[in-house]
Amino acid sequence: MTNIPETGRTPRVQIRLVVIQILVLSLLGTLGGRLWYLQIREGDEYAKEASGNHVQQVVDPAVRGSILDARGVPIADNETRLVVSASRTDLLKMEDDGKAVLTKLAGVLGMKPQEVMAKVRLCDAKTPQPCWNGSPYQPIPITDEATVKQALQIRERAEDFPGITAEPQAVRRYASPGKSNTAQVLGYLSPVTDEEITKARDTDSPYLRSDQVGRSGLERQYDKELRGKAGVTRYEVDNLGRVIGKAEADAAQPGSNLVTSIDARVQRVAEYELHQAMKTARKQFDKITGENYKADSGAVVVMEAKTGRIVSMASAPTYDPNAWVGGISAKDYRILTGKDSNYPLLNRAIQGQSAPGSTFKVVSTAAAVEAGYEWDGGYPCTSSYSVGGQVFKNFEGENFGPISLGRALEVSCDTVFYGLADREWKRDGGINPKKGEPKDYFYKAAHQFGLGKETGVDLPNEVTGRVPDRQWKEAYWKANKESWCRTGKKDGSYVEKIAYENCLEGNKMREGDSINYSIGQGDTLVTPIQEAMIYGALANGGTEYVPTIGKAIVSADGKTVQEIKPRVRAKLPISQATHEGMNKALAGVVTSGTAAWKFQGWPQDKIELHAKTGTAEVYGKQTTSWLATYSKDYTIVMTISQAGTGSGASGEAVRNIYSALYGVRADGSIDNKKALLPAPQKSLPKIKADGSITAPKIAKDPAKELKAGKKAVTEPGGQQVPGTAPTATTGNQNTRRRRRPRGKGGRRMLT
């Protein structure tokens, strides 16, 4: 007999068969469960997603709103250009990543292949410009200056240029009407990034991958209003990509227009005068450094005194914002950001900060009155002021004897302010204050005037400046003590001695700190826009307004006008009597004070000007020129780095801007027909029924037209400047310089 079953299979084989059957049944069960999950439980969701695979989106970019000056003249708008773009997604599908196609394209466009290839690479921390910082899935513009012939070559030979398009598109244009540049105020655009798309996804203003967004200036500040909303049309397509129907469409909504308070004519004059002042300064010899002034940067602000609206804001060096349109070239990017560029992208009117010099004395005067000093008291204006063996000299050793606070402002007598600040420092307990809070009138006044914080101007990245009070000194000392103690030497170089002093007592308010502070030196920093806000308040009776450039937002159809009204920021901490005294003193600066030599012959009886000059010393550099002025309508502040004295470097330019505003001739007479803006522009430009805005014609170059036909006069140093008014002296501006030794714990400063 045998134990083998009739099937002829051994028990081992049978076991294997059972295991296989179990595995097969398990796999079938798993597959069935998965099919049930996909088709029944999640069927609707996957059906929805699957239908999405058969819908393609076509984006119609919104037309970006224009930026207009106060009269409706476009300073940033759009123009239609032939734009050649490349799809990076299509190029990467090719064996050579599209290099052959891009090389052919370069030949058609008259560009170098390397230049074209650089345009389509993605930006990262290691990739230099040019590169693409937008979404890698949207068409990347290669050029926006293609000719019709080039576009036709690309379109007619589409098989040779897969992934390449040539289409007419609306492209941003910075018009520079009348040669006004306005670069730092306007800003520039660049493509939206994936990170920005993600962050804005759930907001009321999401981005599409085709969007261009503002990166600085007004373009950034009002990006949401200017950008509009792109239109999206969704088409149903089959598996072969053929359109089988139209799902839905959202029409593009054009962006709103921004009306500003900038006057393009005044802007051009301000830019021109700043440039000319810097050129003139570079021809002047600096006896202190033994070389000509460098005059390497500067800014000027023209502001309506009674509203805070900015009529003009110029910064130097400047640049052409059109360089960013269509993607910036490597050469232009190096020019704008390289070590030798002096950073033209900076708006020095709101981002340039330096010691204010004697323009700060209006703050010190207000502080002295608050501390109890009589306006008409007799304060000794001696030729020098001695502290602990250090001698602080007055301007050119002048000695006016006992004078009032007003007269001290008028002649800019430093020793008066030295004495007042020193006396208050001693009252507060000197370097080791008495128990309880010191009064610190001089430092509190600066904060009350709005210094040490942003003005709130409607431009991004404004800096705060600095008030070096006790709190700041303590924080700064803690942050730098280790470095000071490591590098400081009691008998070392000037820098090493300062570090040594700061290591020991950098957290304490030293006598020299208070003395230097009283004339706007030491660690004090202000910006031109802060100075304009303060002097604007002096012009209007004591009200500080938030500086603004945007005046109204007008919808594309013209039906909605959102006016941006002036906002009060604060009241100056001075009485009416103090304000009147300051007004009289600052008018005296123009007629008989430190600015008189630049304003001789000005029709003061008809257009009263007020001014304060300032010359600030910066360690290791030449002096910074400041001139802060105002009339009943406007305040004008100009500053030029490494240019000499306040009146010497900036006086001529500021006078010429006022002449342009009011139509003042070189002989002091007034020609109302030549006046660009004898009174601030109150109304908005006329909006037509179709939403377009009426814009007047503007001269090709208002600055040069104003000077045409006027007699040239001699500037200090012999330069001929057409159309400028005669001055009280033709001597070198170095005669207006003064040198001052360093006070205890402070630095040698100029005013």
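## Backbone oddities and a charged patch

Pro317 sits in the loop that runs between strand E14 (310-316) and helix H12 (330-337). Keep in mind that this is a predicted model.

**Exercise 1.** Find the residue that is joined to Pro317 by a cis peptide bond, and give its omega.

*Solution.* Start in the loop between strand E14 (310-316) and helix H12 (330-337), where Pro317 lies. Now look at the bond between Ala316 and Pro317: omega is about 0 degrees, so this peptide bond is cis. The partner you want is Ala316.

**Exercise 2.** Asn461 and Gln642 each have a positive phi without being glycine. Locate each one, then decide whether it is buried, partly exposed or exposed.

*Solution.* Take Asn461, with phi near 65 degrees. Asn461 belongs to the loop between helix H17 (441-448) and helix H18 (470-487). Its relative accessibility is 45%, so Asn461 counts as partly exposed.

Next comes Gln642, whose phi is about 55 degrees. Look for Gln642 in the loop between strand E25 (634-641) and helix H24 (646-662). Buried means under 20% relative accessible area. Gln642 has 5% relative accessibility, so it counts as buried.

**Exercise 3.** Which residues gather with Lys179 in a patch of positive charge on the surface? Place Lys179 and say whether it is buried or exposed.

*Solution.* Lys179 shares the patch with Lys279, Arg282, Lys283 and Lys704. As for its place, Lys179 is in the loop between strand E5 (164-173) and helix H7 (183-186). The cut-off for exposed is over 50%. Lys179 has a relative accessible area of 52%, so it is exposed.

Technical notes
Residues are numbered from 1 along each chain as its sequence is written. This is a predicted model: local features need pLDDT of at least 70, side-chain atom pairs count only at pLDDT 80 or more; totals for chains, interfaces and linings use all residues. Side-chain values use heavy atoms; hydrogens and water are left out. Helices (H or I, at least four residues) and strands (E, at least two) are DSSP runs, numbered from the N terminus. Buried means under 20% relative accessible area, exposed over 50%, partly exposed in between (1.4 Å probe, protein chains only). Patches are made of residues with over 30% relative accessible area and no salt bridge: like charges are joined within 9 Å, nonpolar side chains (Val, Leu, Ile, Met, Phe, Trp, Tyr) within 5 Å. Accessible areas come from the Shrake-Rupley method with a 1.4 Å probe; for residues, only the protein chains shown count as cover. A salt bridge is a side-chain nitrogen of Lys or Arg within 4 Å of a carboxyl oxygen of Asp or Glu. Lys and Arg count as positive and Asp and Glu as negative; His and the chain ends are not counted. The place of a charge is taken as NZ of Lys, CZ of Arg, CG of Asp or CD of Glu.
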